[in-house]
Amino acid sequence: MSDLTFGVIRILLLSAFSAMLAMVFAPFLINFLNKVNFCKKDARTKTIDGKEAKVINSINKEREVSIPRGGGVLIWGTVLAVTIFFFLLSFFNLPWRLKEFNFLSREGTWLPLFTLVASSVLGLIDDTLTVYGKGKYIGGGLSFWRRLTVVSLIGLVGGLWFYYNLEKTTIHIPLLFNFPEGINAPIGIFYIPLFVIVMIASWAGGVIDGIDGLSGGAFASIFGAFTIIAFAGGNYDLAAFCAIICGTLFAFLWFNIPPARFYMGETGSLGLTSTMAVVAFLTDSVVIFPIIAGLMVIEVGSIILQLLSKKIRHKKIWLSTPIHHHFQAKGWSSPQVTMRFWLVSIVFAIIGVALRLLSNH
(Lines give C-alpha, C1' and ligand atoms only; values in the text may rest on other atoms or scores of the structure.)
Protein backbone atom coordinates (compact mmCIF):
# COMPACT_ATOMS: atom_id res chain seq x y z
CA MET A 1 0.00 0.00 0.00
CA SER A 2 1.39 3.38 -0.99
CA ASP A 3 1.79 6.18 1.54
CA LEU A 4 -0.72 8.27 -0.42
CA THR A 5 -3.36 5.53 -0.24
CA PHE A 6 -2.69 5.02 3.44
CA GLY A 7 -3.00 8.77 3.99
CA VAL A 8 -6.47 8.77 2.46
CA ILE A 9 -7.53 5.71 4.48
CA ARG A 10 -6.16 7.28 7.66
CA ILE A 11 -8.15 10.47 7.16
CA LEU A 12 -11.37 8.64 6.32
CA LEU A 13 -11.12 6.26 9.28
CA LEU A 14 -10.27 9.05 11.73
CA SER A 15 -13.25 11.05 10.51
CA ALA A 16 -15.58 8.05 10.76
CA PHE A 17 -14.26 7.15 14.21
CA SER A 18 -14.83 10.68 15.51
CA ALA A 19 -18.35 10.72 14.05
CA MET A 20 -19.26 7.45 15.76
CA LEU A 21 -17.74 8.53 19.06
CA ALA A 22 -19.66 11.82 18.94
CA MET A 23 -22.88 9.94 18.10
CA VAL A 24 -22.45 7.85 21.26
CA PHE A 25 -21.63 10.86 23.41
CA ALA A 26 -24.37 13.19 22.08
CA PRO A 27 -27.41 11.72 23.90
CA PHE A 28 -25.60 11.98 27.24
CA LEU A 29 -24.69 15.60 26.53
CA ILE A 30 -28.25 16.46 25.47
CA ASN A 31 -29.69 14.87 28.61
CA PHE A 32 -27.21 16.77 30.78
CA LEU A 33 -27.92 20.11 29.09
CA ASN A 34 -31.65 19.57 29.56
CA LYS A 35 -31.16 18.48 33.16
CA VAL A 36 -29.33 21.67 34.08
CA ASN A 37 -31.74 23.70 31.90
CA PHE A 38 -28.89 25.13 29.83
CA CYS A 39 -31.27 27.29 27.77
CA LYS A 40 -31.65 31.01 27.14
CA LYS A 41 -34.16 32.50 29.55
CA ASP A 42 -35.41 35.15 27.10
CA ALA A 43 -35.84 35.29 23.36
CA ARG A 44 -33.99 37.93 21.41
CA THR A 45 -35.95 41.18 21.65
CA LYS A 46 -33.65 43.70 19.97
CA THR A 47 -31.67 43.93 16.77
CA ILE A 48 -27.94 44.67 16.70
CA ASP A 49 -28.67 48.40 16.42
CA GLY A 50 -30.95 48.37 19.45
CA LYS A 51 -34.30 48.42 17.63
CA GLU A 52 -37.15 46.04 18.37
CA ALA A 53 -36.67 42.73 16.55
CA LYS A 54 -40.26 42.36 15.35
CA VAL A 55 -39.56 39.89 12.53
CA ILE A 56 -37.24 37.67 14.54
CA ASN A 57 -39.69 37.67 17.45
CA SER A 58 -42.27 36.14 15.14
CA ILE A 59 -39.93 33.33 14.02
CA ASN A 60 -39.25 30.37 16.30
CA LYS A 61 -39.51 32.60 19.37
CA GLU A 62 -40.59 29.82 21.72
CA ARG A 63 -38.02 27.32 20.41
CA GLU A 64 -35.21 29.82 21.01
CA VAL A 65 -35.73 29.59 24.76
CA SER A 66 -36.70 25.91 25.00
CA ILE A 67 -33.76 24.23 23.22
CA PRO A 68 -30.49 23.94 25.19
CA ARG A 69 -27.31 25.64 24.07
CA GLY A 70 -23.81 24.20 24.45
CA GLY A 71 -23.99 21.60 21.68
CA GLY A 72 -20.58 22.79 20.53
CA VAL A 73 -19.10 20.86 23.46
CA LEU A 74 -19.83 17.72 21.44
CA ILE A 75 -17.58 18.98 18.65
CA TRP A 76 -14.49 20.22 20.44
CA GLY A 77 -14.81 17.65 23.23
CA THR A 78 -14.77 14.80 20.72
CA VAL A 79 -11.88 16.31 18.74
CA LEU A 80 -9.85 16.66 21.92
CA ALA A 81 -10.69 13.11 23.06
CA VAL A 82 -9.78 11.60 19.68
CA THR A 83 -6.51 13.56 19.59
CA ILE A 84 -5.46 12.39 23.06
CA PHE A 85 -6.55 8.81 22.37
CA PHE A 86 -4.47 8.34 19.22
CA PHE A 87 -1.54 10.24 20.71
CA LEU A 88 -1.42 7.84 23.66
CA LEU A 89 -2.01 4.88 21.34
CA SER A 90 1.15 5.75 19.41
CA PHE A 91 3.29 4.72 22.42
CA PHE A 92 2.20 1.08 22.17
CA ASN A 93 3.24 -1.68 19.82
CA LEU A 94 0.21 -2.10 17.61
CA PRO A 95 -0.59 -4.20 14.51
CA TRP A 96 -0.72 -2.85 10.98
CA ARG A 97 0.07 0.91 10.96
CA LEU A 98 -2.18 2.00 13.81
CA LYS A 99 0.67 3.90 15.46
CA GLU A 100 0.68 6.22 12.48
CA PHE A 101 -2.89 7.31 13.19
CA ASN A 102 -1.50 9.83 15.66
CA PHE A 103 -1.89 13.23 13.98
CA LEU A 104 -0.70 15.51 16.77
CA SER A 105 2.32 17.41 15.48
CA ARG A 106 3.96 20.78 16.05
CA GLU A 107 3.86 21.69 12.37
CA GLY A 108 0.29 20.67 11.66
CA THR A 109 -2.04 20.50 14.62
CA TRP A 110 -0.68 22.05 17.82
CA LEU A 111 -1.86 25.57 17.04
CA PRO A 112 -5.30 24.77 15.55
CA LEU A 113 -6.03 22.33 18.39
CA PHE A 114 -5.04 24.90 21.00
CA THR A 115 -7.16 27.53 19.22
CA LEU A 116 -10.16 25.20 19.04
CA VAL A 117 -10.08 24.26 22.72
CA ALA A 118 -9.17 27.70 24.11
CA SER A 119 -11.76 29.55 22.01
CA SER A 120 -14.42 26.96 22.73
CA VAL A 121 -13.85 27.19 26.48
CA LEU A 122 -14.19 30.97 26.27
CA GLY A 123 -17.37 30.46 24.27
CA LEU A 124 -18.67 28.09 26.93
CA ILE A 125 -18.10 30.76 29.57
CA ASP A 126 -20.12 33.18 27.46
CA ASP A 127 -22.89 30.59 27.00
CA THR A 128 -22.99 30.04 30.74
CA LEU A 129 -23.30 33.76 31.39
CA THR A 130 -26.03 33.97 28.76
CA VAL A 131 -27.99 31.08 30.25
CA TYR A 132 -27.84 32.43 33.77
CA GLY A 133 -28.65 35.98 32.74
CA LYS A 134 -25.33 37.63 33.51
CA GLY A 135 -23.55 40.17 31.33
CA LYS A 136 -24.59 43.06 29.14
CA TYR A 137 -25.08 41.39 25.77
CA ILE A 138 -28.55 40.81 24.33
CA GLY A 139 -30.00 37.97 26.38
CA GLY A 140 -27.03 37.93 28.75
CA GLY A 141 -23.42 36.91 28.19
CA LEU A 142 -20.36 38.97 27.44
CA SER A 143 -20.82 42.39 25.90
CA PHE A 144 -19.99 42.86 22.21
CA TRP A 145 -16.83 44.82 23.00
CA ARG A 146 -15.60 42.22 25.46
CA ARG A 147 -16.15 39.51 22.87
CA LEU A 148 -14.34 41.58 20.28
CA THR A 149 -11.44 42.12 22.69
CA VAL A 150 -11.17 38.41 23.42
CA VAL A 151 -11.26 37.46 19.74
CA SER A 152 -8.68 40.16 18.93
CA LEU A 153 -6.36 38.83 21.64
CA ILE A 154 -6.70 35.31 20.25
CA GLY A 155 -5.82 36.70 16.82
CA LEU A 156 -2.88 38.65 18.22
CA VAL A 157 -1.44 35.55 19.91
CA GLY A 158 -1.91 33.57 16.70
CA GLY A 159 -0.34 36.30 14.58
CA LEU A 160 2.68 36.55 16.87
CA TRP A 161 3.09 32.77 16.82
CA PHE A 162 2.98 32.62 13.03
CA TYR A 163 5.33 35.56 12.57
CA TYR A 164 7.98 34.78 15.19
CA ASN A 165 7.76 31.01 15.73
CA LEU A 166 6.77 29.84 12.26
CA GLU A 167 8.50 32.80 10.56
CA LYS A 168 5.56 33.46 8.25
CA THR A 169 5.93 36.75 6.38
CA THR A 170 4.12 36.12 3.08
CA ILE A 171 0.61 35.34 1.89
CA HIS A 172 -0.18 33.25 -1.15
CA ILE A 173 -2.12 35.00 -3.90
CA PRO A 174 -3.37 32.42 -6.45
CA LEU A 175 -3.83 32.91 -10.18
CA LEU A 176 -2.45 36.44 -10.34
CA PHE A 177 -2.29 37.83 -13.89
CA ASN A 178 0.72 36.19 -15.62
CA PHE A 179 1.46 33.94 -12.65
CA PRO A 180 -0.87 30.92 -13.04
CA GLU A 181 0.69 29.30 -9.99
CA GLY A 182 0.15 32.44 -7.93
CA ILE A 183 2.75 34.38 -5.99
CA ASN A 184 3.82 34.66 -2.38
CA ALA A 185 3.42 38.32 -1.52
CA PRO A 186 5.79 39.53 1.22
CA ILE A 187 3.96 41.54 3.88
CA GLY A 188 6.48 41.27 6.74
CA ILE A 189 5.29 42.52 10.13
CA PHE A 190 1.86 43.28 8.68
CA TYR A 191 1.24 39.53 8.86
CA ILE A 192 0.28 40.06 12.52
CA PRO A 193 -2.51 42.67 12.04
CA LEU A 194 -3.76 40.70 9.02
CA PHE A 195 -4.12 37.65 11.24
CA VAL A 196 -6.12 39.69 13.78
CA ILE A 197 -8.41 41.07 11.06
CA VAL A 198 -9.08 37.62 9.59
CA MET A 199 -9.78 36.25 13.06
CA ILE A 200 -12.34 38.99 13.75
CA ALA A 201 -13.96 38.52 10.33
CA SER A 202 -14.19 34.77 10.93
CA TRP A 203 -15.77 35.29 14.33
CA ALA A 204 -18.44 37.46 12.73
CA GLY A 205 -19.36 34.43 10.60
CA GLY A 206 -20.78 32.85 13.75
CA VAL A 207 -24.05 34.68 13.02
CA ILE A 208 -24.89 31.73 10.80
CA ASP A 209 -25.84 29.75 13.92
CA GLY A 210 -29.48 30.85 13.74
CA ILE A 211 -31.54 28.01 12.25
CA ASP A 212 -31.64 24.30 13.04
CA GLY A 213 -28.82 22.56 11.16
CA LEU A 214 -27.60 25.61 9.25
CA SER A 215 -24.27 26.27 10.97
CA GLY A 216 -23.28 22.61 11.19
CA GLY A 217 -23.63 22.07 7.45
CA ALA A 218 -21.81 25.29 6.61
CA PHE A 219 -18.89 24.51 8.90
CA ALA A 220 -18.71 20.95 7.55
CA SER A 221 -18.31 22.21 3.97
CA ILE A 222 -15.60 24.67 5.04
CA PHE A 223 -13.56 22.14 7.01
CA GLY A 224 -14.13 19.57 4.26
CA ALA A 225 -12.59 22.04 1.82
CA PHE A 226 -9.60 22.58 4.10
CA THR A 227 -9.19 18.81 4.45
CA ILE A 228 -8.67 18.53 0.69
CA ILE A 229 -6.41 21.60 0.51
CA ALA A 230 -4.22 20.46 3.43
CA PHE A 231 -3.91 16.94 2.01
CA ALA A 232 -3.04 18.22 -1.46
CA GLY A 233 -0.37 20.44 0.12
CA GLY A 234 1.20 17.49 1.93
CA ASN A 235 0.10 18.55 5.42
CA TYR A 236 -1.48 15.19 6.25
CA ASP A 237 -1.78 15.77 9.99
CA LEU A 238 -3.71 19.01 9.47
CA ALA A 239 -5.89 17.25 6.89
CA ALA A 240 -6.67 14.57 9.46
CA PHE A 241 -7.50 17.24 12.05
CA CYS A 242 -9.94 18.98 9.68
CA ALA A 243 -11.49 15.64 8.70
CA ILE A 244 -12.07 14.81 12.37
CA ILE A 245 -13.87 18.12 12.84
CA CYS A 246 -16.04 17.20 9.85
CA GLY A 247 -16.83 13.85 11.43
CA THR A 248 -17.93 15.44 14.69
CA LEU A 249 -20.02 17.97 12.74
CA PHE A 250 -21.85 15.12 10.98
CA ALA A 251 -22.74 13.67 14.39
CA PHE A 252 -23.72 17.12 15.65
CA LEU A 253 -26.02 17.56 12.64
CA TRP A 254 -27.77 14.28 13.40
CA PHE A 255 -29.16 15.92 16.53
CA ASN A 256 -29.26 19.51 15.24
CA ILE A 257 -31.26 19.19 12.02
CA PRO A 258 -34.90 20.31 12.31
CA PRO A 259 -36.24 19.94 14.91
CA ALA A 260 -32.98 20.55 16.77
CA ARG A 261 -32.37 18.90 20.13
CA PHE A 262 -29.62 21.37 21.00
CA TYR A 263 -27.92 24.45 19.57
CA MET A 264 -24.22 24.88 18.90
CA GLY A 265 -23.92 28.00 21.04
CA GLU A 266 -20.91 30.27 21.34
CA THR A 267 -18.79 27.34 22.57
CA GLY A 268 -19.17 25.85 19.10
CA SER A 269 -19.24 28.88 16.82
CA LEU A 270 -16.36 30.77 18.48
CA GLY A 271 -14.18 27.66 18.55
CA LEU A 272 -14.87 26.72 14.94
CA THR A 273 -14.59 30.22 13.46
CA SER A 274 -11.29 30.85 15.26
CA THR A 275 -9.94 27.47 14.16
CA MET A 276 -10.89 27.88 10.52
CA ALA A 277 -9.02 31.20 10.45
CA VAL A 278 -5.88 29.49 11.78
CA VAL A 279 -6.25 26.66 9.27
CA ALA A 280 -6.63 29.19 6.44
CA PHE A 281 -3.22 30.63 7.34
CA LEU A 282 -1.61 27.21 7.81
CA THR A 283 -2.72 26.17 4.32
CA ASP A 284 -1.81 29.51 2.68
CA SER A 285 -5.47 29.95 1.76
CA VAL A 286 -6.14 33.35 3.30
CA VAL A 287 -6.88 35.08 0.00
CA ILE A 288 -9.45 32.48 -1.09
CA PHE A 289 -10.79 32.01 2.45
CA PRO A 290 -13.69 34.42 1.76
CA ILE A 291 -14.69 32.18 -1.15
CA ILE A 292 -14.48 28.94 0.83
CA ALA A 293 -16.55 30.58 3.57
CA GLY A 294 -18.69 32.42 1.02
CA LEU A 295 -22.00 31.73 2.76
CA MET A 296 -20.72 33.32 5.95
CA VAL A 297 -19.51 36.34 3.97
CA ILE A 298 -23.03 36.72 2.58
CA GLU A 299 -24.56 36.40 6.05
CA VAL A 300 -22.26 38.99 7.61
CA GLY A 301 -22.51 41.23 4.55
CA SER A 302 -26.30 41.23 4.79
CA ILE A 303 -26.08 42.62 8.32
CA ILE A 304 -23.56 45.31 7.36
CA LEU A 305 -25.56 46.42 4.32
CA GLN A 306 -28.77 46.43 6.34
CA LEU A 307 -27.25 48.67 9.00
CA LEU A 308 -25.83 51.05 6.38
CA SER A 309 -29.13 51.22 4.55
CA LYS A 310 -31.05 51.98 7.74
CA LYS A 311 -28.50 54.62 8.67
CA ILE A 312 -28.28 56.32 5.25
CA ARG A 313 -31.58 55.54 3.51
CA HIS A 314 -33.68 55.06 6.67
CA LYS A 315 -35.16 51.90 5.22
CA LYS A 316 -34.32 48.20 5.25
CA ILE A 317 -33.09 46.10 2.34
CA TRP A 318 -34.22 42.80 3.82
CA LEU A 319 -37.07 41.94 6.15
CA SER A 320 -34.57 40.73 8.72
CA THR A 321 -30.88 39.86 9.02
CA PRO A 322 -28.82 37.73 8.93
CA ILE A 323 -30.29 36.99 5.53
CA HIS A 324 -31.50 33.51 6.45
CA HIS A 325 -34.14 35.20 8.63
CA HIS A 326 -35.25 37.22 5.59
CA PHE A 327 -36.10 34.03 3.71
CA GLN A 328 -37.89 32.66 6.76
CA ALA A 329 -39.96 35.85 6.88
CA LYS A 330 -40.68 35.40 3.14
CA GLY A 331 -42.28 32.06 3.90
CA TRP A 332 -39.48 29.55 3.46
CA SER A 333 -39.59 26.80 6.05
CA SER A 334 -36.52 26.27 8.25
CA PRO A 335 -35.59 23.01 6.46
CA GLN A 336 -35.83 24.79 3.08
CA VAL A 337 -33.53 27.58 4.21
CA THR A 338 -31.10 25.15 5.81
CA MET A 339 -30.78 22.76 2.88
CA ARG A 340 -30.62 25.48 0.22
CA PHE A 341 -27.97 27.35 2.18
CA TRP A 342 -26.04 24.09 2.59
CA LEU A 343 -25.95 23.80 -1.21
CA VAL A 344 -24.71 27.36 -1.55
CA SER A 345 -22.00 26.71 1.04
CA ILE A 346 -20.86 23.52 -0.71
CA VAL A 347 -20.62 25.28 -4.09
CA PHE A 348 -18.51 28.07 -2.56
CA ALA A 349 -16.26 25.47 -0.91
CA ILE A 350 -15.80 23.60 -4.20
CA ILE A 351 -14.86 26.80 -6.03
CA GLY A 352 -12.40 27.75 -3.28
CA VAL A 353 -10.73 24.32 -3.35
CA ALA A 354 -10.43 24.44 -7.15
CA LEU A 355 -8.80 27.87 -7.10
CA ARG A 356 -6.35 26.83 -4.38
CA LEU A 357 -5.40 23.58 -6.10
CA LEU A 358 -4.98 25.30 -9.46
CA SER A 359 -2.27 27.47 -7.94
CA ASN A 360 -0.39 24.35 -6.83
CA HIS A 361 0.35 23.34 -10.41
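Me: What makes up the area that the protein chain exposes?

Reply: Carbon and sulfur atoms supply 69% of the roughly 16900 Å² that the chain exposes (areas come from the Shrake-Rupley method with a 1.4 Å probe, and for residues only the protein chains shown count as cover). Keep in mind that this is a predicted model: local features need pLDDT of at least 70, side-chain atom pairs count only at pLDDT 80 or more, and totals for chains, interfaces and linings use all residues. Residues are numbered from 1 along each chain as its sequence is written, and side-chain values use heavy atoms, with hydrogens and water left out.

Me: Why is Thr-273 called buried?

Reply: Buried means under 20% relative accessible area (over 50% is exposed, in between is partly exposed, 1.4 Å probe, protein chains only). Thr-273 has just 1%, so it counts as buried. Across the protein chain, buried residues make up 49% of the 361 residues.

Me: Where does Thr-273 sit, and what does it touch?

Reply: Thr-273 is in helix H10, residues 266-282 (a helix is a DSSP run of H or I with at least four residues, numbered from the N terminus). Leaving out residues up to four places away in sequence, Thr-273 touches Ser-202, Trp-203, Gly-205, Gly-206 and Phe-219, where a contact means heavy atoms within 4.5 Å.

Me: Which residues have the most contacts inside the largest nonpolar core?

Reply: They're Phe-223, Phe-226, Leu-249 and Leu-272, in a core of 86 residues. Such a core is a set of buried Ala, Val, Leu, Ile, Met, Phe, Trp, Tyr and Cys residues joined through side-chain atoms within 4.5 Å. Helix H9 (residues 236-256) gives this core its largest share, 13 residues. Among the residues that Leu-249 touches are Ile-75, Phe-223 and Leu-272.

Me: What makes a space a cavity and not a pocket?

Reply: On a 1 Å grid over the protein atoms alone, a 1.4 Å probe fits in a cavity but cannot get out, while a pocket is an open set with protein on both sides within 12 Å along at least five of seven lines. The whole structure has 2 cavities of 30 Å³ or more, and the largest holds about 70 Å³ of space. Its lining includes Trp-203, Glu-266 and Leu-270 (lining residues have an atom within 4 Å of a point).

Me: Which helix gives the most to the lining of the second largest pocket?

Reply: That's H12, with 5 residues. The pocket has a volume of about 260 Å³, and Ala-201, Ser-202, Phe-289, Pro-290 and Val-297 are the closest to its centre of the 15 residues lining it.

Notes. Helix = DSSP H or I, 4+ residues; strand = E, 2+ residues; numbered from the N terminus. Points joined across faces, edges and corners; volume = space filled by probe spheres on them.
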